[in-house]
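Here is a friendly briefing to read alongside the model. Have the sequence and the 3D view open, and follow the topics one by one.

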Amino acid sequence: MSETEQTKQSCPSKSSKVAKETRRKPYYARRDATKIYLFEHFERWRTLLKELGLKTDKELAVTLLDNFCITRKEVNEVCTQTVNNLYEDMNMEILEQHLLTNIQISSPCPEATSAPLMTSTPLSIKRSSQSTESILTRSDSEQLPLKRRCLAYETECNPILPESSQNSPAVDACQEKETLIASEKEDETLTATEKDETQTATEMPSKDSFGLFVFFSRSKYPPAVDTSQERETLTATEMPSNDSFNIPPPLSDVLQMNVDDLEKTSLVDDVFNTIIGGYDLDPDDEDSKEPEMDSGKESSKTNVDPQSAVQDDKCITYCDRLLELLYQIHGLKCKVSSCGKRLDYRKTFSGTCFIVSWRCSSGHFGGRWSSQPKCEGLRAGNLLLASAIALSGNSFTKVGFLFRIMNLKYFSQSLFNQYQNLYVAPAVDKYWKSMKSSLWDEREGQDILLSSDGRNDSPGHCAQYCTYSFADMEAQSILNMNIVDVREVEGRKSPNMERIGFERGLDEILTSKMVIKEVVTDGHLEIGALMKNSPKYQAIKHQRDIWHGAKIISKKVTNAAREKGNEDLSLWSGAVRNHFWYSSRTSAGNVDDLKDVWIGLLHHVVNEHSWILDEGKAQGKCAHAPLTEERDKPWLKKNSSAHNALTKIMMDKRFLNTLPYYTNFRHTGFLESFHNNLLMYCPKRHSYSFVGYKLRNQLAAIDFNMHRNREIATTADGTPRYRAQYSKKTKRWRPVALLKPKAYSYIPDLLVQIFQTRRSVPGRVDQRIVRSAEDPRNIAANIAIIPRPTVQQLLSEHKSRFTTE
């Protein structure tokens, strides 16, 4: 019998599992109705259980209830009316509110949790992506009352688990069987052991597994972050794991299955190689109203409009200083009459927001204060910081490392990705499309000279994305951008992405009412063939950038000068490049004139300044003035090795056939400046997902268009300002004009639109995000051209040059 058949026989079928779970539902319903969550009081409960010598939780509960009833009867007979009124005020609603307020909020990182973690399920629940979609839905979890919800928490810090850690379907099926068997044991107390923080990535649970954790704390109101305390092993009663109790998955687990992460592993992550801890949202804080205080006083302004959220002043404060201020304002004793008990202040963090609430031991709610107001149902500072990271061209890791050095509270990467995908990216996309539409409308019916060029997301020939940009050459403004993923190219060869980006972008522009007369590109051969052979582009003249052509010629001359006997040719490399520029500029659109001037250099380098053209039909001569005898650069000898090498380069038939592409003297240097702008928003040493790369390209285009007409800076008396710049290549100094600083006047409007996007996007921040139709993951899961093996297979086949075994 094969191993697969043995696995099928040893693991129950899916129908049998469903039938067993259906039979167990009545039991789960009865058990769920009788469960009580003690949270931070759990240790006290266990201590009392041991002190009284009782064996089960049920015996302790009966003992406490009987004792409470007897005590209350005696108190009612002896105490005064004031005490009776106090007991009447302490109704079940206040007790429940007191219990829920003291729930320790989970953090996506173990470093951000001081209280020991308690698990209510003994085993990790293995689930496939299909079962996750059908069982763990957001709508089902939102219908549960708050007291029935649990905080989901993963046992490791990294929100992106290695896909290689996933088990095979057969192993997953067996583990599901073990989970069901364990769940059938009634009234059983198990132990949950926390994993060590130094656990390797291969020891993490798979992507399709998660742990359900209920938090308990030793102290009344523990600090939200305390990395000095070691986590301990505690016990908790078993939690149900069936369809009747749908528990919302952790935010990071949702992102792994549905969200296109904005930041992947890159050089920045490898260099820093550290954990950027952060906080997720407080589930009770988002989209909730501030509780009504028993003292009847407002503690702070809770909601602001988007303009105030953006324009209000912010500063760095110390949490202890804020707590001291709250102590002075609200005191240390309960304000309720006839109470006067000591107030307990509890601090929590929701992302970067500092939240303090206080109440007395009798359950009287004193107040709640937060360091950030809410805007459109979200903490304004969280969304503002997430937006500013992208708008300033920074990364989550770099800013997070800065926050870690300063011990500033930060949000988790899961929350950052949600903000970017739900609010930042849609707002920026809308802003860019509005700008592009306005630029197209301004040029309606006009003859447009298009300048275009491509830019890969990484150096070399192993890029994943290519950004192909189109610009108005006269106004030097970006009119269109097209992003191509390597998965769209046959054979997944990155050099072929440029042609697809050019064709797709130009076709989109041709749908407008602009009249495209000419398109300027680099020397890409596939684009040249497309423009020459495609009928839809016959009315458009194709020209090439003179800078790219001169660069190719200069490189060929430099390489030829390295050969033996051609050493004198190295001194003429720059002159050949400059002469090509001169030939194109003086040709006036005539290819024959360009060719005559170009070939004349072969006579000039041998000190011949007049010659015969067209087999004696015309005479050519140099356009320069008479030369002096003193020269730093020696003339070449006619028919020498160096002269013959130069003749071979300049008279190359393939190169001469490209001269018609240089007759209009087109130069796209400003597009190179735009590419430098792109480096600020999406550096080539950083890897992004499609959503993140598109977002940052649009921001670079908006920045470039808004600041393309900057004037030269002047001194107090109006004199233009220049600075000296040294070129390492030419070994020369040259003057460079200083431009006025960028104003970034569009940033406040864009931030307001991001907050307004929150209003138009329904649902919570931790909702599942549907993949867009243009996402390249719809083509393939990754850029690999071969199936991914398991880590075990790779380790078994791996051979190192540094091991002797």
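**A loop residue as the way in**

Ser458 sits in the loop that links β12 (447-456) to β13 (465-472). Keep in mind that this is a predicted model. From that loop, the briefing moves to the chain as a whole, then to two sheets and the helices around them.

**Ser458 and its surroundings**

- Is Ser458 buried or exposed? Ser458 has a relative accessible area of 15%, and because the cut-off for buried is under 20%, Ser458 counts as buried.
- Setting aside neighbours within four places in sequence, Ser458 touches Ala463 and Lys684.

**The chain overall**

- The chain contains 28 helices and 20 strands.
- Of the 805 residues in the chain, 45% are buried.
- Among contacts in the chain with a separation of 6 or more, 74% are between residues 24 or more positions apart.

**The five-stranded sheet**

- The two strands that flank the Ser458 loop, β12 and β13, belong to an open sheet of five strands with the order β14-β13-β12-β15-β16.
- Pairing in this five-stranded sheet is mixed.
- Which strands lie at the edges? They are β14 (477-485) and β16 (541-544), each of which pairs on one side only.
- From one strand to the next, the twist averages 25°.
- β12 pairs with strand β15 (residues 515-521) in the parallel sense, over five bridges.
- Leu450 is found opposite Val519 of β15.
- β13 and β14 run antiparallel and are joined by eight bridges.
- Thr467 has Ile483 in β14 as its bridge partner.
- The pair β13 and β14 makes a hairpin with four residues between the strands, and Gln476 in the turn has a positive phi of about 55°.
- Although β14 is an edge strand, β14 is mostly covered, with nine of its nine residues buried.
- A reminder for viewing any sheet: in a regular strand, side chains alternate between the two faces of the sheet.

**Helices α26 and α16 by this sheet**

- Helix α26 (residues 690-706) lies across β12, β13 and β14, and runs at about 165° to β14.
- α26 also packs with helix α16 (residues 413-442), at an angle of about 40° and with the axes 9 Å apart.
- How are α16 and α26 oriented to each other? An angle of about 40° falls outside the roughly parallel class, which ends under 35 degrees, and outside the roughly perpendicular class of 65 to 115, so α16 and α26 are oblique to each other.
- The crossing of α16 and α26 is left-handed.
- On the α16 side, the residues in contact are Gln420, Asn421, Val424, Ala425, Val428, Asp429, Tyr431, Trp432, Met435 and Leu439.
- On the α26 side, they are Val691, Lys694, Leu695, Gln698, Leu699, Ala701, Ile702, Asn705 and Met706.
- Sorted by class, this contact of α16 with α26 has 13 nonpolar, four polar and two charged residues.

**The three-stranded sheet and its helix**

- Three strands make up another open sheet, ordered β7-β8-β9, with antiparallel pairing.
- Its edge strands are β7 (343-350) and β9 (365-370), and each pairs on one side only.
- With direction ignored, neighbouring strands of this sheet are turned by 15° against each other on average.
- Strand β8 (residues 353-360) pairs with β9 over five bridges in the antiparallel sense.
- Ile355 has Ser370 in β9 as its bridge partner.
- Helix α13 (residues 319-330) lies across β7, β8 and β9, and runs at about 35° to β8.

**The α20 and α21 pair**

- Helix α20 (residues 573-586) and helix α21 (residues 591-599) have axes that come within 8 Å and cross at roughly 155°.
- Angles over 145 count as roughly antiparallel, so α20 is roughly antiparallel to α21.
- The crossing of α20 and α21 is right-handed.
- From α20, the contact draws on Val576, His579, Phe580, Tyr582, Ser583, Ser584 and Thr586, while α21 supplies Leu594, Val597 and Trp598.
- The residues in this contact of α20 with α21 comprise six nonpolar, four polar and no charged.

How values were computed: Residues are numbered from 1 along each chain as its sequence is written. This is a predicted model: local features need pLDDT of at least 70, side-chain atom pairs count only at pLDDT 80 or more; totals for chains, interfaces and linings use all residues. Side-chain values use heavy atoms; hydrogens and water are left out. Buried means under 20% relative accessible area, exposed over 50%, partly exposed in between (1.4 Å probe, protein chains only). Contact means heavy atoms within 4.5 Å. Axes are lines fitted to C-alpha atoms, for helices over the stretch in contact, and angles run from 0 to 180 degrees between N-to-C directions. A crossing is left-handed if the near helix is turned anticlockwise from the far one by less than a right angle, and right-handed if clockwise. Ala, Val, Leu, Ile, Met, Phe, Trp, Tyr, Cys and Pro count as nonpolar, Asp, Glu, Lys and Arg as charged, and the others, Gly among them, as polar. Two strands pair if DSSP finds at least two bridges between them.
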